[in-house]
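Me: I am new to this structure. Please take a close look at one part of it for me, and tell me how that part connects with what surrounds it.
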Amino acid sequence: MVPHPLTPPDIFQHVRIIMGMVVGLSVTRLLTGLVRIIQHPNQTRIYPVHIGWVLTLLLMLMHFWWWELWLIELPAWTFETYLFLLLYAIILFFLSAFLFPESISDYTGYEDFFISRRKWFFSFFALTVIFDLFDTIIKGPAHYALFSIEYWFRIPIYLVLCGIAIISTDRQFHIGFVSLGLLYEISWIIRHFERLS
């Protein structure tokens, strides 16, 4: 009996399962951290910038799962494409783990923790920007044509801001970055991703 050949949509459904597992772990990490803060408000001093990045990352994870549905239109799959997407999801998990480690007992609170570990966080955040670029290219010219010239400005601006965030401990800069970043991400999703068609 000749086995039924797998179509690209069949392969996508298979790949989507493992990506969903990693994204699910990331969301779980963030939600568990937020619940811990609510349950024990006096245990650790919260930091608005940290909470802002938690909300931004939650939105990014939901958005990631939403936009990756476009991969169903990919005409052919390779192991390299699969590995790339899995690494992308793993980088998002690392960001979640950086925001909520097992313990921050070595720090005075989330502000001290976040500022101390910002180099790791923003290095991985910059990686997501680069991975997003390649993810967009994988989907083809018709896909990235949907985003206009704005997309090609968005990438270097985010990379520059991540570079500054790695170097700078300026609290005002970090407040501005997370605030504008969250608002821009909401705007980007509403303008380009409300419908997957």
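Reply: Let me begin with burial: a residue is called buried with under 20% relative accessible area, exposed with over 50%, and partly exposed in between, using a 1.4 Å probe and counting protein chains only. The model is a predicted one, in which local features need pLDDT of at least 70 and side-chain atom pairs pLDDT 80 or more, while totals for chains, interfaces and linings use all residues. Residues are numbered from 1 along each chain as its sequence is written, and side-chain values use heavy atoms, without hydrogens or water.

The part I have picked is the set of salt bridges (a side-chain nitrogen of Lys or Arg within 4 Å of a carboxyl oxygen of Asp or Glu). The whole structure holds six of them.

Let us start with Arg171 and Glu111, whose closest N and O atoms are 2.9 Å apart in a salt bridge. Arg171 belongs to helix 8 (residues 171–192) and Glu111 to helix 4, so this pair ties together parts 60 residues apart in sequence. (Helices here are DSSP runs of H or I with at least four residues, numbered from the N terminus.) Glu111 is partly exposed, at a relative accessible area of 26%, and Arg171 is partly exposed too, at 34%.

Next comes Arg29, which forms a salt bridge with Glu102, with 3.4 Å between the closest N and O atoms. This pair also links distant parts of the chain, since Arg29 sits in helix 1 and Glu102 in the loop between helix 3 and helix 4, 73 residues apart. Glu102 counts as exposed, because its relative accessibility is 70%.

The third pair is a buried one. Glu68 and Lys139 meet through their side chains in a salt bridge of 3.2 Å, N to O. Glu68 comes from the loop between helix 2 and helix 3, and Lys139 from the loop between helix 5 and helix 6 (141–144), so two parts 71 residues apart are joined. Glu68 counts as buried, because its relative accessible area is 1%; Lys139 is buried as well, with 15% relative accessibility. These two residues do not stand alone, as Glu68, Asp135 and Lys139 are linked in a network of salt bridges.

Asp135 leads us on to helix 3. Phe84, which has its place in helix 3, lies 51 residues from Asp135 in sequence and 8.4 Å from Asp135 in space, C-alpha to C-alpha. Leaving out residues up to four places away in sequence, Phe84 touches (heavy atoms within 4.5 Å) Phe131, Phe134, Asp135 and Ile138. Phe84 is buried, at a relative accessible area of 14%.

Phe84 has company there: the buried residues of helix 3 also include Leu85, Tyr88, Leu92 and Leu95. The buried residues of helix 3 pack against helix 1 (8–39), helix 2 (48–67), helix 4 (110–116) and helix 5. Helix 1, home of Arg29, has buried residues of its own, among them Phe12, Val15, Met19 and Leu30, and their cover includes helix 2, helix 3 and helix 4. Not every part of helix 1 is hidden: Thr32 lies in helix 1 and is partly exposed at 41% relative accessibility.
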